[in-house]
Amino acid sequence: MDWRAAFLSGDPAMQWAAACSVAEVVTARDRWVDSTALHEARSGAFDAGVAAAEADPESVIPAAIAGARRALFWERTARARLVPPVSLGARRWRVQRRTAGDVDQFVSLAAVAEAEEGGTVLACHPAPASGWRASSGLAAIADRLATAGWRWPIPPGHAIEDAVQAVLAVGRDRAAASLSYMYPDLPAAVVDGVVMLVAGSRQRTPRPWPGVVWLLAHRGIDAALADAGTRVVIDGLIAGHHARPSSATGATIVDGTTRRLQLVPAPTRASDLVAAANPSDRKPHPMAMAS
C-alpha cells in the first residue's frame, strides 16, 4: 500500500490501514511487542500521520513512523515501571513499595468505569516538582526553535518534552542514548543538543551551563530566551552541529549541586527503565540521577 497516498486520501479507513502497515514495519524486529503494544504503535502512527497530512503533507511518512516509535517507547516505559521484566532480576510488583499517590499502581476496572461515567480523567503522569510546570515556558522554547528554522522530522515540542522525560527516567548522561533510541533518524548532534538545551551541560563540565528548565524555574522565560547559552544551543540545533553554551560570552554558569534541583528525581531503579527501553541491552549500566 502506498502509505503517503493513503494518509493524504482523507479516508479514515485507508489512513488506519496505512497506520497498521507502518506499525507492522516498525515493530517487525521487536520480540517483546504484543497486541497491546502493536495497537499503541498503530494509534501513534495514525494520529501523527493524520496530523501531518493536514499540516505538512511532505513529512507524512516520517511523522507516521515517528508516531509509532514514540507510542512504542512510552508503552514500554509505562510497562517497565508497572512490572519490571523478570529477566532484569528485579523485585516483582507484589513486593515493591507503592505509595497511595503512585500513578503506576494497578487500578481496578470498576474505578476506571466509574471515572469514565463521571467524566473524570484518571491521572497518567506524576505531578511535576514544585517550581516547574511543563507549560511554564517549554512551549515558548519550542516556538523559538520553530521560528529559528527547525528542520528535523520530529516536532520541536515533542523533542523537548521527550528529552525532559528521558532525563527524568535515566539521568542526564544517559538521556541522549534514550532519546536516540526513540528517534534514530535524528543526528547525534541534534539529540545531544536537545538534551543539553533542557538539562544543561554534564555535571563533570568545569563551567556548567544549567539549561532552559533551570533558567525557567529560577529566572523566567524572558531570561531563558535571552541567555547567551540558550542562543548558542538553538543555533547548533538548527545547524545540526554540537554546541558549547558554557563558552559563550554572557552565558549563565551555576554550580552542579545547585542545578540538581531543576528536575524531579529519577526513579529509584533507573536501570530497570533503561534495560526495558532497550531489550537487546540487558547488561547493567551505571546510572546517574536526573540533573
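**Figure 1. Threonine 230, a buried residue in helix H12.** In this predicted model, threonine 230 has a relative accessibility of just 1%, so it counts as buried, the cut-off being under 20%. Its home is helix H12, which covers residues 228-239. Leaving aside residues up to four places away in sequence, what does threonine 230 touch? The list is Leu197, Trp209, Val212, Leu215 and Ala224.

**Figure 2. Helix H2 against helix H3.** Here we're looking at H2 (residues 12-26) packed with H3 (residues 35-55). The two axes sit 8 Å apart and make an angle of about 125°. That angle makes the pair oblique, since it falls between the 65 to 115 range for roughly perpendicular and the over 145 range for roughly antiparallel. As for handedness, H2 and H3 cross in a right-handed way. On the H2 side, the residues to pick out are Pro12, Gln15, Trp16, Ala19, Cys20, Val22, Ala23 and Glu24. Facing them from H3 are Leu38, His39, Ala41, Arg42, Ser43, Ala45, Phe46 and Val50. Sorted by type, the residues of this contact come to 11 nonpolar, 3 polar and 2 charged.

**Figure 3. Helix H8 against helix H9.** Next up is the packing of H8 (residues 172-182) with H9 (residues 188-199). How far apart are their axes, and at what angle do they pack? The axes are 9 Å apart, and the angle is about 135°. H8 and H9 are therefore oblique to each other, as the angle isn't over 145, where roughly antiparallel would begin. The crossing of H8 past H9 is right-handed. H8 brings Arg172, Ala175, Ala176, Leu179 and Ser180 to the contact. H9 answers with Val191, Asp192, Val194, Val195, Met196 and Ala199. By type, that's 8 nonpolar residues, 1 polar and 2 charged.

**Figure 4. The protein chain behind the close-ups, with 14 helices and 0 strands.** Stepping back, the pattern along the sequence is α-α-α-α-α-α-α-α-α-α-α-α-α-α. The chain has 291 residues, and 43% of them count as buried; threonine 230 from the opening view is one of the buried residues. How many of the contacts between residues at least 6 apart in sequence join residues at least 24 apart? It's 64% of them. On the outside, the protein chain exposes about 15,200 Å², with carbon and sulfur atoms supplying 55% of that area.

How values were computed: Residues are numbered from 1 along each chain as its sequence is written. This is a predicted model: local features need pLDDT of at least 70, side-chain atom pairs count only at pLDDT 80 or more; totals for chains, interfaces and linings use all residues. Side-chain values use heavy atoms; hydrogens and water are left out. Helices (H or I, at least four residues) and strands (E, at least two) are DSSP runs, numbered from the N terminus. Buried means under 20% relative accessible area, exposed over 50%, partly exposed in between (1.4 Å probe, protein chains only). Contact means heavy atoms within 4.5 Å. Accessible areas come from the Shrake-Rupley method with a 1.4 Å probe; for residues, only the protein chains shown count as cover. Axes are lines fitted to C-alpha atoms, for helices over the stretch in contact, and angles run from 0 to 180 degrees between N-to-C directions. Angles under 35 degrees count as roughly parallel, over 145 as roughly antiparallel, 65 to 115 as roughly perpendicular and the rest as oblique. A crossing is left-handed if the near helix is turned anticlockwise from the far one by less than a right angle, and right-handed if clockwise. Ala, Val, Leu, Ile, Met, Phe, Trp, Tyr, Cys and Pro count as nonpolar, Asp, Glu, Lys and Arg as charged, and the others, Gly among them, as polar.
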